[in-house]
Amino acid sequence: MGKPWGKMVGIRPTKELHRLLDAGMNYEEAFARMHAEYNLGAEKFDLLWRVARVERPVLMECSSPDLFSAYVGIPFCPTRCLYCSFPSHSLHELGELRQQFVDTLISETIQTGELCRSLGLKPYSVYVGGGTPTALDPGDLDRILGALRTAFPGVLREFTVEAGRPDTLTGEHLAVMKEHRVDRVSVNPQTRHDKTLELIGRCHSFADVEQAVNRVKGFGFTVLNTDIIIGLPGEDTDMVQQTAQAVLSLAPENITVHMFSRKRASRYNEEQNRFVLPADHTAAAMYQAVTGLLQEKYNPYYLYRQRDILGGQENIGYCLPGHACAYNIAMIEERHHIIGLGCGATSKLIRPDFTLTNLHSPKDPRIYPQRLNQLLATRKDQLTKLLK
């Protein structure tokens with residue numbers, strides 16, 4: 001089986017197409033260039049083209065040098081999923097650090113807001129991820145969202161909170177989000193098959209997902225996102241089709257499709273002899289089955305690749321028309337400052353030529369409070385130099 005992306009490497013293949021579009025190329029010219037340089041086939045190029053058409057208006061809107069988005073990393077989950085490589089710790093393991101983490105995060109947020117205002121930077125969007133933000137109790141979530149609204153005042157283009165684990169999401173959490181004008185919420189099924197959910201370490205059923213989605217819809221949030229994963233151990237093409245159909249029945253505005261990736265920092269990497277993953281040709285068939293169902297109603301709006309992803313494919317976000325996640329586009333295309341707060345967050349400071357400086361926050365909640373002053377000083381120094 002050939003490589004779906006030819007000789008292209010790296011996480012963000014759309015960045016190359018956007019450079020060609022900036023140079024004034026049309027479809028045929030851009031395809032000829034990318035085919036000659038990367039041996040990229042027509043199918044993947046057409047996917048890039050469709051994604052770029054959705055992204056371009058958002059990039060035009062958010063690429064002003066005085067705009068930024070904030071990403072907040074919450075490093076706690078109820079349990080650690082098989083495939084996860086994000087900076088997250090089970091509440092059983094490090095739950096006693098929650099209060100210190102929340103206090104440190106609020107301090108970082110308020111001081112960063114003061115810095116941004118002093119430099120004339122304006123907030124564009126906020127994305128609260130993790131980990132699982134709703135693993136915190138509603139009172140702590142209220143304090144964090146309140147600090148974000150104080151630090152980054154005004155009308156945001158978008159305010160997302162991940163409630164990826166439906167077993168953590170309560171009506172109290174949703175009331176807090178609504179009070180702070182969150183407008184995009186993620187509830188992530190991953191699969192509709194309960195045996196697989198148990199195998200990968202998630203403490204909920206698909207019925208719990210349905211109940212959580214109904215609660216979100218009852219509060220009237222503008223956008224619901226749902227994630228699914230193709231290629232989970234033990235699943236076949238029929239099973240992933242069933243997952244896609246079940247997720248479509250939930251009628252979310254966004255659906256993000258992940259291909260299973262053998263991440264080095266995941267539990268899978270440590271226990272892989274216990275699991276059987278689909279062959280590349282099966283993974284490709286799964287991908288075609290799922291995306292074929294989604295694209296009847298949804299548009300692809302951002303994508304990225306990962307090392308050791310099944311079948312050499314990609315992760316891809318789909319949206320109903322007019323409901324693309326602006327933060328995801330800004331973060332992937334790297335034409336817009338991202339300021340990372342909390343554990344494991346990365347700040348991306350963008351220069352006028354779209355080169356960038358990355359600043360990484362500590363992943364461990366035990367180290368994060370100790371490094372806060374150094375982190376704030378480095379961020380101030382780098383942003384001040386950039387904006388002179």
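Does D22 count as buried, partly exposed or exposed, and what is its relative accessibility? Select D22 and keep that in mind while we get set up. What you have open is a predicted model. D22 comes out at 42% relative accessibility, so it counts as partly exposed, since that class sits between the 20% and 50% cut-offs.

**Stop 1: from D22 to R56**

Keep D22 selected and add R56. Their side chains meet in a salt bridge, with 3.0 Å from N to O. Now colour the two helices: D22 belongs to α1 (residues 14–22) and R56 to α3 (residues 42–62), so this pair ties together parts that are 34 residues apart in sequence.

**Stop 2: along helix α3**

Stay on α3 and pick K44. Its side chain meets that of E314 in another salt bridge, again listed at 3.0 Å, N to O. This one links distant parts of the chain: K44 is in helix α3, while E314 is in the loop between β9 (299–304) and β10 (315–319), 270 residues away. Turn on a surface and check the burial: both E314 and K44 are buried.

Next, select D46 and R50. Here the closest N and O atoms of the salt bridge are 3.5 Å apart. Both residues lie in α3, four residues apart, which is about one turn of the helix. As for accessibility, R50 is partly exposed at 30%, and D46 is partly exposed too, with a relative accessible area of 29%.

**Stop 3: a salt-bridge network**

Drop the helix and select R12, K15, E334 and K348 together. These four are linked in a network of salt bridges. If you'd like to hunt for others, a search of the whole structure finds 15 salt bridges.

**Stop 4: strand β1**

Now go to residues 67–74, strand β1. Eight of its eight residues are buried, so the strand is largely enclosed by the rest of the structure. Show the side chains and look at which way they go: L67, S69, Y71 and G73 point one way, F68, A70, V72 and I74 the other, and all are buried.

**Stop 5: the neighbours of β1**

What does β1 pair with? Add residues 122–130, strand β4: eight bridges join it to β1, and the two run parallel. For a landmark, click V72 and then V128, its bridge partner in β4.

Then add residues 337–342, strand β11. Six bridges join this strand to β1, also in parallel. The pair to click here is F68 and H337, which stand opposite each other.

Key. Residues numbered from 1 in each chain as written. Predicted model: local features only at pLDDT ≥ 70, side-chain atom pairs only at ≥ 80, totals over all residues. Heavy atoms only, no water. Buried < 20%, exposed > 50% of the residue type's maximum accessible area, 1.4 Å probe, protein only. Pairing = 2+ DSSP bridges.
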